[in-house]
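Trainee: Please choose one part of this structure and go over it closely, together with what surrounds it. I would like the reasoning spelled out wherever a label such as buried or exposed is used.

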Amino acid sequence: MKIVPLGDRVVLKHLEAEETTKSGIVLPGSAQEKPQEAEVVAVGPGGMVDGNEVKMEVKVGDKVIYQKYAGTDVDDMVIVRQSDILAIVED
């Protein structure tokens with residue numbers, strides 16, 4: 001399925017959740033938190049949104065951190081507004 005976002009929306013693909021803690025404890029799937037780190041897979045055009053000019057600051061391939069309860073889940077992806085993205089992760 002191909003998702004094309006509109007306006008200031010961004011499609012993110014969840015990165016794999018940690019399966020073990022730093023101390024080596026293995027977590028079952030039900031105990032793992034939804035990851036807040038994701039990879040950008042599609043970016044909307046920006047433009048005029050709610051009467052304000054929006055310039056898109058993320059691009060496809062960026063790794064980002066987004067707000068915990070933001071967006072709409074679709075399969076293993078989430079659609080968020082650009083304003084819900086908190087930071088770009090640089091390696």
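**Strand E1 and its surroundings**

Mentor: The protein chain has 0 helices and 8 strands, and the order along the sequence is β-β-β-β-β-β-β-β. This is a predicted model. Of the 91 residues in the protein chain, 29% are buried. The accessible surface is about 6300 Å², and carbon and sulfur atoms contribute 51% of that. Among contacts with a separation of 6 or more, 64% are between residues 24 or more positions apart.

The part I have chosen is strand E1, which covers 9–14. Start with its nonpolar side chains. The largest nonpolar core contains 14 residues, and Val 10, Leu 12 and Val 80 have the most contacts inside it. At least two residues of this core come from each of strands E1, E2 (37–43), E5 (63–66) and E7 (77–81). Leu 12 shows how these pieces meet. Once neighbours within four places in sequence are set aside, its contacts include Ala 38, Glu 39, Val 40 and Val 41. Val 64 and Tyr 66 are also in contact with Leu 12, as are Asp 76, Met 77, Val 78 and Val 80.

Now the charged residues. Side chains of opposite charge can pair when their charged atoms come close. The whole structure holds 4 salt bridges, and three of them are described here in turn, beginning with Arg 9 and Asp 8. The closest N and O atoms of that pair are 3.5 Å apart. Arg 9 has a relative accessible area of 31% and is therefore partly exposed. Asp 8 has a relative accessible area of 7%, so it counts as buried, the cut-off being under 20%.

Asp 8 also forms a salt bridge with Arg 81, with closest N and O atoms 3.0 Å apart. This pair links distant parts of the chain, because Asp 8 is in the segment before E1 while Arg 81 is in strand E7, 73 residues apart. Arg 81 is at 28% relative accessibility and so counts as partly exposed.

The third of these pairs is Lys 13 with Asp 76, where the closest N and O atoms are 3.5 Å apart. Lys 13 lies in strand E1 and Asp 76 in the loop between E6 and E7, so this salt bridge ties together parts that are 63 residues apart in sequence. Both partners count as partly exposed: Lys 13 is at 38% relative accessibility, and Asp 76 is at 40%. As for shared partners, salt bridges join Asp 8, Arg 9 and Arg 81 into one network.

Two loop positions complete the picture. Asp 75 sits in the loop between strand E6 (72–74) and E7. Its phi is near 55 degrees, a positive value in a residue other than glycine. Most residues other than glycine have a negative phi. Asp 75 is at 64% relative accessibility, over the 50% cut-off, and therefore counts as exposed.

Glu 16 is in the loop between E1 and E2. It counts as exposed because its relative accessibility is 72%. Glu 16 and Glu 37 are separated by 21 residues in sequence, with their C-alpha atoms 8.7 Å apart in space.

Terms used. Residues numbered from 1 in each chain as written. Predicted model: local features only at pLDDT ≥ 70, side-chain atom pairs only at ≥ 80, totals over all residues. Heavy atoms only, no water. Core = buried A, V, L, I, M, F, W, Y, C linked by side-chain atoms within 4.5 Å. Buried < 20%, exposed > 50% of the residue type's maximum accessible area, 1.4 Å probe, protein only. Helix = DSSP H or I, 4+ residues; strand = E, 2+ residues; numbered from the N terminus. Contact = heavy atoms within 4.5 Å. Salt bridge = Lys/Arg side-chain N within 4 Å of Asp/Glu carboxyl O. Areas by Shrake-Rupley, 256 points an atom, 1.4 Å probe, with all protein chains shown as cover.
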